[in-house]
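Here's a quick walk through a couple of spots in this fold. Have a look at the sequence and the model first, then read on.

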Amino acid sequence: MKKYITLAALLAAGTACANAATTLTELVSMDALVASATTNTATKIEDMSVTTYSFGDGTYIGGITNKDLNDALADSSKYITIAAWIKMDDTNDVESIFGYGAQQNGFKFCTNGAGLQYTAKGVADKETANVGLTANTWTLVGISFKGGNDAANGAKYICGTSNNNFYTRNLGGFALPSASDQTFAIGSGNSGSARETFNGWIADLTIFTSDSVISGVDDITAHMGTAAPVPEPSAFGMLAGLGALALVASRRRRK
């Protein structure tokens, strides 16, 4: 009997290992990225549950320098995952969620109508995963790929908080930018200029590293959550709510 129990335990352990989540380590938060930007023409939306910016009419956050990010992107032993909540104004054009490098190097990750699109600038053609994006709806999106010259080989796209929206793309590597172009942008395809800029809101953009590519959407939602960004109750709203409760209590006492 004990042998059967031991075998069952081993099989269960093997199944658990096979389905084990990829451990993501946060490398850079959105606040840290914005803090090191040399250009920021986006508008911060105050009192949101996570850091949120509004983009449109050529606005972006660019010239972002971060040594940890540059080192990770050049390290072929690590995987990079970049995720964000987005809310698009429309689905009419190609619009950049984030970009790295200049015009002919690095990469950019965009919306393309209802799809998500990756471009290794100057190296690979655009690759779009048709994921059913819709306007005026918060959606969790991201990409996970290997660092170094094989950067995006076997990359994973995510869209939403379900593994039904998990896509594998074989994209090839990107050209590592020169030292002067090793900067990042939010809301633009180029790190130092407005290119295919985003129209809408981008929230909680976060960069992670791991020893392997993500195994499912759950790897990201463990950090990013499954609930879309929402407005935080303002101090005035809270006071108004307390006042209303006090009024109700007062009326009840009179009765």
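## Strand 8 meets strand 9

Let's start with one pair: Cys110 has Gln117, in strand 9, as its bridge partner. That's part of a bigger arrangement, in which strand 8 (residues 107-112) and strand 9 run antiparallel and are joined by six bridges. Keep in mind that this is a predicted model.

The two strands make a hairpin, with two residues between them. In that turn, Gly113 has a positive phi of about 65°.

## On to strand 10

Strand 9 also pairs with strand 10 (residues 127-130), again antiparallel, this time over four bridges. Here, Gly115 is matched with Asn130 in strand 10.

Strands 9 and 10 form a hairpin too, with six residues between them. Gly122 sits in the turn and has a positive phi of about 80°.

## Strand 9, covered on both faces

So how is strand 9 placed overall? Six of the six residues in strand 9 (residues 115-120) are buried, so the strand is largely enclosed by the rest of the structure. On one side you'll find Gly115, Gln117 and Thr119, and on the other Leu116, Tyr118 and Ala120, all of them buried.

## Helix 4

Now for a helix. In helix 4 (residues 217-224), the buried residues are Val217, Asp219, Ile220, Thr221 and Met224. These buried residues pack against several strands, including strand 6 (79-88), strand 11 (139-146) and strand 15 (200-210).

Just after helix 4 comes Gly225, with a positive phi of about 80°.

Notes
Residues are numbered from 1 along each chain as its sequence is written. This is a predicted model: local features need pLDDT of at least 70, side-chain atom pairs count only at pLDDT 80 or more; totals for chains, interfaces and linings use all residues. Side-chain values use heavy atoms; hydrogens and water are left out. Buried means under 20% relative accessible area, exposed over 50%, partly exposed in between (1.4 Å probe, protein chains only). Two strands pair if DSSP finds at least two bridges between them. Contact means heavy atoms within 4.5 Å.
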